[in-house]
Amino acid sequence: MATRSLPFLVLAMIGLLIANLMFGAVSIPFKQILDGLQTGNEHHFTIHEYRLPRTILAMLVGAMMALAGALVQGVIRNPLASPDVLGVSHGAGLAAVFYMTFFPNADISWLPAVALVGSLVAALMLWWLCGSHSSTIKLAITGVALAALYASCIDFLMLIKPLEINNALLWLTGSLWGRGWNQLSMLLPWLLLIPFALWLAKPLNLIHLGDDSAISLGIKANKLRLASLGLAVGLTASCVAICGPIGFLGLVAPHLTRKLVGGRHQILLPATMLVGAILLLLADLVARTIDPPIELPAGIMTAIIGAPYFLWLLLRTK
Amino acid sequence: MKRLIYLALTALSLCLCSLAQAVTVEDSKGTFSIDYTPKRIVVLEFSFVDALAAVGVSPVGIADDKDSNRILKEIRDEIGDWTSVGTRSQPSLETISSLKPDLIIADISRHEGVYADLQKIAPTLILPSRRATYEENLQATAIIGKAIGKEKEMQARLKKHDEVMAELAAQLPKGKEVQFGVARDDALFLHTANSYAGGVIRALGLKNANTGRNDDAYRQTSLEQLLTVNPDYFIVGHYVTPSIVEKWKSEPLWSILKAAKNNHIYAVNANTWSRCRGIISAETMGQDLIKVFNAKK
């Protein structure tokens with residue numbers, strides 16, 4: 001059952017990749033897609049400069065955010081956990097909104113760097129408050145509290161500087177609009193984190209037996225937690241810096257995957273990456289094609305799917 | 001051989017011709033040069049549509065938020081049909097590309113993030129629109145005129161605009177205090193002296209109300225804060241009905257507003273006053289104000 005759904009996921013992802021290249025405000029037949037890669041072709045801009053980098057970015061960001069979600073849920077062992085409880089995306093949001101409201105004339109190309117610094121500072125803050133030896137529940141609650149604090153600071157900034165609300169809100173919903181090869185190349189170095197994350201699969205299985213059993217089986221529980229959360233922070237921070245906080249992806253994707261392939265991390269981690277990629281590709285495809293030429297932020301789409309699922313999850317775990 | 005020389009000469013003269021035509025302007029990102037007269041222009045803010053319509057040029061594409069009514073009727077009649085390229089905040093780059101434009105006019109406040117992408121589609125002139133003052137807007141309009149090869153026409157139109165504004169000002173009382181604000185469902189935004197509407201009000205010989213802090217073009221204002229500003233004349237553009245201002249009318253504080261006591265509150269088209277920001281809309285605003293001041297006589 002577990003391994004059987006993997007080929008389907010791969011097929012679905014490839015199908016969506018092609019669909020993302022074909023459809024948009026202007027539909028381009030499948031046969032012309034390859035021609036569009038050549039310079040001078042009439043679809044060159046649409047395919048090569050616009051849809052291709054955006055599609056690859058959606059795939060990578062979806063995969064990385066989902067993987068971060070699976071890592072966090074793996075060590076915090078709470079179904080409601082997601083990278084959001086670490087306060088990382090809100091930290092990035094606060095830094096970005098601060099930058100946009102107080103330096104409205106500053107160069108916008110610095111925004112990813114500012115957001116990245118914001119999320120890393122947020123992660124350090126959490127670490128500083130909790131240390132490396134505190135319980136996961138303390139970590140989660142502190143993270144949620146910090147996230148709430150950052151969120152209220154964001155609201156405060158937007159209330160005192162309402163002029164920038166549009167740009168800030170647009171960024172805060174998370175969008176792939178206007179992201180191209182530049183942003184993609186900023187994300188590439190962070191892909192190095194993925195093999196490390198996959199390498200943690202086996203110890204993550206053991207920690208599910210409980211700390212005591214895991215330790216007696218030779219797992220250094222605290223180090224593992226720190227490593228997983230650190231990787232999750234890196235993965236989330238890099239994605240959020242480029243696309244803004246795309247909500248619910250890190251929460252929903254690992255859950256869906258667990259339903260499909262079960263809880264063994266060796267399969268769960270790669271499969272959750274596929275599911276995350278599929279979800280974000282789908283969200284961006286819908287966001288671009290639902291009412292062209294209007295482009296909705298992909299973050300709205302993931303929230304539309306994610307929020308009801310989150311509620312259902314809450315009701316079920318009661 | 002003769003033919004070759006002839007060809008070379010023709011090519012050379014063509015080159016020289018186009019070189020002679022090349023215009024260079026300063027936009028928000030530095031120097032912008034164009035060596036042909038653009039025929040297929042895509043604009044990403046309403047004020048640029050106004051500038052094109054002022055010299056009778058029709059854009060092929062407009063980021064009109066997919067709602068053609070957001071363009072003033074006078075302007076719609078002037079420019080004819082166009083293709084929507086989506087919202088002003090996130091215009092669809094593939095739709096822009098499919099229109100094969102030879103000039104894009106973008107807003108530095110909204111579109112700086114995609115400036116590089118726009119340039120890959122067509123030469124992109126990037127100018128202030130959102131958050132721009134009346135004076136900055138006139139400068140941007142003049143730059144657009146030059147870039148689209150209509151410098152003379154645009155200068156003439158701008159001169160006429162000054163005359164129209166002076167004429168309108170002559171019909172308006174001098175130095176009266178006028179404050180404009182847009183009312184949404186849950187918030188009132190006053191357009192301060194730094195805003196486009198504030199500039200137009202001054203250009204018409206009227207006075208801006210003192211809105212306190214003047215660092216922003218638009219300021220969200222509660223009923224109590226509005227009472228502190230307490231303008232003599234209050235012009236409201238309702239984005240929705242009923243807007244927050246209509247809800248305030250039943251509050252006791254409302255009745256002690258100077259403008260409410262003297263019946264000096266008037267509704268105008270929020271779109272003209274807030275979103276359009278161009279010379280045609282400025283003239284429409286002047287006519288609105290004349291109606292306002294004549295109504296009370």
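**Helix α13 of chain A and the wider two-chain model**

Gly262(A), which comes directly after α13(A), has a positive phi of about 85°. The model in which this residue appears is a predicted one. The helix that ends before Gly262(A) has 13 residues, which should span 18 Å at 1.5 Å a residue, and its end C-alpha atoms are in agreement at 18 Å apart. Most of α13(A) is covered, with 10 of its 13 residues buried. The buried positions are Leu249(A), Gly250(A), Leu251(A), Val252(A), Ala253(A), Pro254(A), His255(A), Thr257(A), Leu260(A) and Val261(A).

One of these positions, Ala253(A), belongs to the helix formed by residues 249-261. Ala253(A) counts as buried because 31 other C-beta atoms lie within 10 Å, where 20 or more are required. When residues up to four places away in sequence are left out, Ala253(A) is in contact with Ala66(A), Gly69(A), Thr272(A), Val275(A), Gly276(A) and Leu279(A). Between the C-alpha atoms of Ala253(A) and Ala277(A) the separation is 9.0 Å, and these two residues are 24 apart along the chain.

Another helix of chain A, α12 (residues 221-243), contains 23 residues. From its first C-alpha to its last, α12(A) reaches 33 Å, close to the expected 33 Å. After α12(A) comes Gly244(A), whose phi is positive and near 85°.

The largest nonpolar core comprises 89 residues, and those with the most contacts inside it are Val61(A), Leu67(A), Ile278(A) and Leu280(A). The largest share of this core is provided by α3(A), with 16 residues. Leu280(A) touches Ala58(A), Val61(A), Gly62(A), Ile246(A), Leu249(A), Ala298(A) and Thr302(A), with residues up to four places away in sequence not counted. Leu249(A), one of these partners, is also among the buried residues of α13(A). Apart from this core lies another, of 82 residues, including Val57(B), Val178(B), Val245(B) and Met285(B). In soluble globular proteins, nonpolar side chains tend to be buried together.

Confidence in chain A averages a pLDDT of 86, and 97% of the residues score at least 70. Among the elements of this chain, helix α9 (residues 193-199) has the highest mean pLDDT, 94, and α7(A) the lowest, 76. Where pLDDT is low, the predicted coordinates should not be read in detail.

The two chains meet through 19 residues of chain A and 25 residues of chain B. On the side of chain A that touches chain B, α3 (44-76) and α7 (165-173) each supply at least two residues. The largest share of that side, four residues, comes from α3(A). By class, the side of chain A that touches chain B has 12 nonpolar, five polar and two charged residues.

Chain B has 15 helices and 13 strands. Its C-alpha trace spans about 90 × 40 × 35 Å along the principal axes. Of the 297 residues in chain B, 47% are buried. Among contacts in chain B with a separation of 6 or more, 62% are between residues 24 or more positions apart.

Chain B is divided into domain 1 (21-151) and domain 2 (164-295). The centres of these domains, taken over C-alpha atoms, are separated by 28 Å. Contact between the domains involves 18 residues of domain 1 and 16 residues of domain 2. On the domain 1 side, two or more residues are given by each of α2 (46-54), α3 (73-79) and α7 (134-147) of chain B. The largest share, six residues, is from α2(B). The residues of the domain 1 side divide into eight nonpolar, five polar and five charged.

Several loop residues of chain B have backbone angles of note. The peptide bond from Thr241(B) to Pro242(B) is cis, with omega near -10°, and Pro242(B) lies in the loop between β12 (233-238) and α11 (244-248). Asp65(B), a residue other than glycine, has a positive phi near 60° and is found in the loop between β4 (61-62) and α3 of chain B. Asp65(B) counts as partly exposed because it has 18 C-beta neighbours inside 10 Å. Arg277(B), also other than glycine, has a positive phi near 45°. Arg277(B) is placed in the loop between α14 (270-276) and α15 (279-295) of chain B, and counts as buried because it has 28 C-beta neighbours inside 10 Å.

Note on methods:
Residues numbered from 1 in each chain as written. Chains lettered and ligands numbered in written order. Predicted model: local features only at pLDDT ≥ 70, side-chain atom pairs only at ≥ 80, totals over all residues. Contact = placed C-beta atoms within 7 Å. Nonpolar A, V, L, I, M, F, W, Y, C, P; charged D, E, K, R; others polar. pLDDT = per-residue confidence, 0-100. Buried ≥ 20, exposed ≤ 12 C-beta atoms within 10 Å, placed from the backbone. Domains from an automatic or database assignment. Expected span 1.5 Å × (residues − 1). Core = buried A, V, L, I, M, F, W, Y, C linked by C-beta atoms within 7 Å.
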